[in-house]
Every structure is written in C-alpha cells, then in structure tokens.
Amino acid sequence: MKHPSFQDHVVYQIYPRSYQDSNGDGIGDIKGIISRLDHIKDLGATAIWLSPVFESPMEDNGYDISDYYKIDPLFGTNEDMDELIKECDKRGLKLILDMVLNHTSDQHKWFKEAKKSKDNPYRDFYIWRKEPNDMIATFGGSMWEYSKETDEYYFHMFAPAQPDLNWHNEALRNEMYKMMNFWLDKGVYGFRLDVIENLGKEPDNKICSNGPTLHSIIHDISKHTFGPRDSITIGEAWGSNSQNRYLYTDPEREELSMIFLFDHFTRFYSDKYGKWQLKPFDMPSLRNAFFDHQTGDPNKNWDTIFWNNHDLPRAVSRYVDPNYRKDGAKMLFASTLFMRGTPFIYQGDEIGMANAHFPSKNDYRDVESINAFSDLVKDGLSAEEAFNGIAAVSRDNARIPMQWEAQENFGFTKGTPWLKGSIDDYAWTVEEEAKDPTSILSFYKEALGIWHDEKYRAIIRDGSFLPHYDDSRHLMAYQRVLNDKKLVVIANFSNEEIIKPITEGDVILRNLEHEENVMKPYEIIVTYVG
Ligand code: GLC
Ligand code: CA
C-alpha cells in the first residue's frame, strides 16, 4: 500500500536550551546538538523536532521570535544551522523546525514599525483596538496591552511581549510563505506549527481557537509552502478534539500531516484552577483519551503518539509510583508505541528523567510558572498549595538540563546551567544506561528496533486498532490486526500485582523477566501472532 513518507518516522524532540552546551555559557546550543546526533541516531529516532532557535529576546525561551531568518547568537550562527542540516542528512535524520506563526516578539521589526502609527504599512500585521475586552491571556493578565504611541491596545494571547499576528492580512501571509520556503529550500523536512489552531481568531467575538477562517488559512499556507513537497507537518492544537481533528488531518483537505491533541492531560484539569490543580489520576479515563484517538476514521486521520514535551510535566512522575520508576518508564513508552501514528520522544524520556523537584519557587524560570504563583494565590490558594501546583506541572519540569554523563552538571555544561539540574544520581544518565542492558535506554532501543522492523511495520502502520480488556481498572491493552497477523499489547498501569490475562503468540517485547502467572507492577508484554 502506498503511504506518505512521514508515516515511517519516529520523532525526537530537542529543547535546545537544555540539551548540550558547547561553550560553557550554561545554555545549550546548536554545536552541542551536533555533538549529540549519534545518540539520537543510535536510539532509533529518524527525525528531530527542534524547538525554536531563531533570534529572540527569550521572554518565552524562543517562542517569541524577533527574526525568523536568523539563528539567535545564544544558540549559534546561521552557519551552525547549515552544519546541523548537513550533519543530520549524513546520518539519515530529518530536521523539523518549530514555527511560531501565531505571534512574534514585540522586538520584531514588523511590530516596532506597527506600533509607530496607525497608517504604518505594518500596522495591520497585528491586531489593534480602541477598547479592550475582558479576555485573559494564557500567561496571566489581559489579552490586550496598551500602546501609548497610538493610544490603542494590541492583542496578545500569551505574554505582552508576544503580540498576535493578523492572518487576515495578505502581505503578512506572503511574508510568512517566503520565510517558510526559505527554510524548506535549505533541506528542512517540515514544521511543528506552534498553537496553529489560533490563526483564524476573532477577538471581537472572543474566539481564539478554531475560528471560522482557520482552515482556509492553513490550506493556503500548505498550498504555498510544504504542501507540494515531501514533508511532515504537526500542528499544536490544545483546544481541538477527536471530532474536529479531521478538519486538519483529512488528506483530501490538504492541510497538515497530523496534530497534537492534549486530552490525555487536559481531562484531569480541575474546574477552578485548571492544570495547576490536577484531578487524581484515573486509569480508565487516561486510556479513553488514547483509545478515542485510535478508534476514529483511519482514512481521515493520522495520530501523534506522545507523553511529554517541553510544556508538560514528565509522565513518569505523574503516572508511575516513584518506587517503580525504571519499570514504569519502560512500560509507558511501549504502552502507546504500537498505536497507529507517529511516536514522539521528548529529550530525556529515553533515560527516564523525572520532574525537577526544586526546593524553592525562586528556582523556576518559566514565565508561565512565575506568573501563576501570584495569580493562584490571588485566586484563593495558600502559598503552599500554589507551590505544590507549580511543582507538579510547571513547564520547567521538562526543561531541566539533559543528563548525559556521570560528572558535574551531568556533562550538560562546563559552566553554570541556566536552570537547576535534577536531584538524580548518576545512574540516570545516557553514559551509565548505555552500558546496562536492562536500562530504560536499552529498552527504548529494543522497542524502536521492533517498530522499524519490516516484519511488523505494516501492522503498526496500517493495522486496525482493537481495544482489549477495556473494562479493566489497571490495564491499557489493545490489538493491532492486519489480515491474519496481529500484535497484542498488555500493560499494567498500577503498582499492584494482578492476575495475568490470557496472552497468545510469541513474546516480542517485555520489561520484566519472570515465570509467574501474574502481571507485576508496571509490567508490559507485547506479543505477535503471525
Ligand atoms: C506553545 C509552545 C509553548 C509556548 C506557546 C506560545 O504552546 O509549545 O512553549 O509558550 O506556544 O508560543
Ligand atoms: Ca552555549
């Protein structure tokens, strides 16, 4: 069966600031990434999603871009970027850039022009009103910021330093197409599209995500940039769901390859405090989030399969009893790996990295977390409750430096890391885990070897998805079936020993070796019937 090339990739996400520092300034950079490409290759990933490295004042760590054509000096030079593309190519790795199309930095030349006067040619690249409404920004405060030069307010969904762009302006669109083609022409495979669902916004009607013009905008972007090329595109879509996802992903609509939905996380938000006070983990609800995605119309959708990214707390800290971190980290990865879609691995997951465990609120660096402290206290939480909320879900949990080697700062930097490191001992490093055949890292390699194996590739890509034991309180289990062959995945998401369900076929992957007729805590077994 003919299928698009993107369906055979495993994507590894790099948060450049925290991956590898090469010059001792405590901040990861492109030269550092180049020095670690072999790790990604050996792991079994075939593509890299690089969080933004463009010029930026770094109010939101690069998600506030001031020049889309220039690499920020903190990360290196444009030549370093060319080198990275070349070095990826040498190893058969594809490179995916993170494109922030919804907003720029307030230091972008367009915005500096736009705010000067109402008749400036760039004025309409942004959104201006005489009167603000009561919309509240994702990072706190009003979505409208007063600009004294022209006595009007501009719109920003995130920080005031991230003014939103007006995608209904033709000239803006053309600028963006030109810029995206510039990077595609350099050999980049595609884009992860930041908060893409907001481009069709209508602030006067208080609509941000999934606005009425959204899909014609995305369709146009595709047509003028990546659409005609062999490419991959992944849209970030927090406010979308398994019903409207087809609008982005149905191949006939010529929009995106796939989108990130977040309902495995957002379904645990509390009513009053959202993510800052998550409801207790409930296995059937978590399972439903994944199964809901898998059981839709396969011709109209291709899923993203991920637990973590740079905005989420580490899944191993959320879903696994700390006494079983090693077994649980393996189980989590393999439990969803055999679903239909593109697997994403966030840096550090492959060695079981966990949440930050910072002792003080002053250790946090993320703009969202810092603002949340004061807002949560204002909204009625005690200082301690607010701290616990931040500690559990702060984006900094995923942003602590990568743990490479058994030496100071885990080999991430020779200087002082920009963000404190974890409290782990050196066993949790790439260096140590690479030597240990029972490590999480070794398990990831083994599992990805199976994922790529020709023998199973077609079932994993095209097989139908059948929920299995879906009345269980503790199991995530499913079958993938293609003609007379099948894969069966059974994972125990609890710290309890449970009666072993009936398994059939040959065991091709498991995280624990024993002969007992039980599923141990966090055990996973994958079998093949062929
Ligand atoms: C996305 C990014 C996040 C960023 C926000 C604003 O959600 O993943 O890190 O803060 O967009 O650009
Ligand atoms: Ca550096």
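How many Å should the 13 residues of helix 15 span at 1.5 Å a residue, and how far apart are its end C-alpha atoms? The expected span of helix 15, which covers residues 440-452, is 18 Å, and its end C-alpha atoms are 18 Å apart, so the two values agree. The model in which this helix appears is a predicted one.

The protein chain as a whole provides the setting. Its secondary structure comes to 16 helices and 20 strands. The radius of gyration of the chain is 23 Å, close to the 24 Å that the globule rule gives for 530 residues, so the chain is as compact as a globular protein of that length. The C-alpha trace spans about 75 × 50 × 45 Å along its principal axes. Of the 530 residues, 61% are buried. When contacts between residues at least 6 apart in sequence are considered, 67% of them join residues at least 24 apart.

The surface and the charges may be described next. The accessible surface of the protein chain comes to about 20700 Å², and carbon and sulfur atoms account for 49% of that area. There are 60 positive and 86 negative side chains, and the centres of these two sets lie 2 Å apart.

Helix 15 can now be viewed by its residues. Those that are buried include the aromatic residues Phe443, Tyr444 and Trp451, together with Ile440, Leu441 and Ala447.

Helix 9, at residues 283-294, permits a similar check of length. Its 12 residues should span 16 Å at 1.5 Å a residue, and its end C-alpha atoms are 17 Å apart, which agrees. Nine of these 12 residues are buried, so helix 9 is largely enclosed by the rest of the structure. Among the buried residues are Met283, Arg287, Phe290, Phe291 and His293. The surroundings against which the buried residues of helix 9 pack comprise helix 8 (263-266), helix 10 (315-319) and helix 11 (325-337), as well as strand 14 (464-468) and strand 15 (475-482).

A single loop residue completes the account. Glutamine 403 lies in the loop between helix 13 (383-393) and helix 14 (430-435). Its relative accessibility is 0%, and buried means under 20%, so glutamine 403 counts as buried. Leaving aside residues up to four places away in sequence, glutamine 403 touches Ile351, Met353, Phe410, Ser422, Asp424, Trp428, Thr429 and Val430. Glutamine 403 and aspartate 292 are 111 residues apart in sequence, and their C-alpha atoms are 35 Å apart in space.

Note on methods
Residues are numbered from 1 along each chain as its sequence is written. Chains are lettered from A and ligands numbered from 1 in the order in which they are written. This is a predicted model: local features need pLDDT of at least 70, side-chain atom pairs count only at pLDDT 80 or more; totals for chains, interfaces and linings use all residues. Side-chain values use heavy atoms; hydrogens and water are left out. Helices (H or I, at least four residues) and strands (E, at least two) are DSSP runs, numbered from the N terminus. The radius of gyration is taken over C-alpha atoms; the globule rule is 2.2 Å times the number of residues to the power 0.38. Buried means under 20% relative accessible area, exposed over 50%, partly exposed in between (1.4 Å probe, protein chains only). Contact means heavy atoms within 4.5 Å. Accessible areas come from the Shrake-Rupley method with a 1.4 Å probe; for residues, only the protein chains shown count as cover. Lys and Arg count as positive and Asp and Glu as negative; His and the chain ends are not counted. The place of a charge is taken as NZ of Lys, CZ of Arg, CG of Asp or CD of Glu. The expected span of a helix is 1.5 Å times one less than its number of residues.
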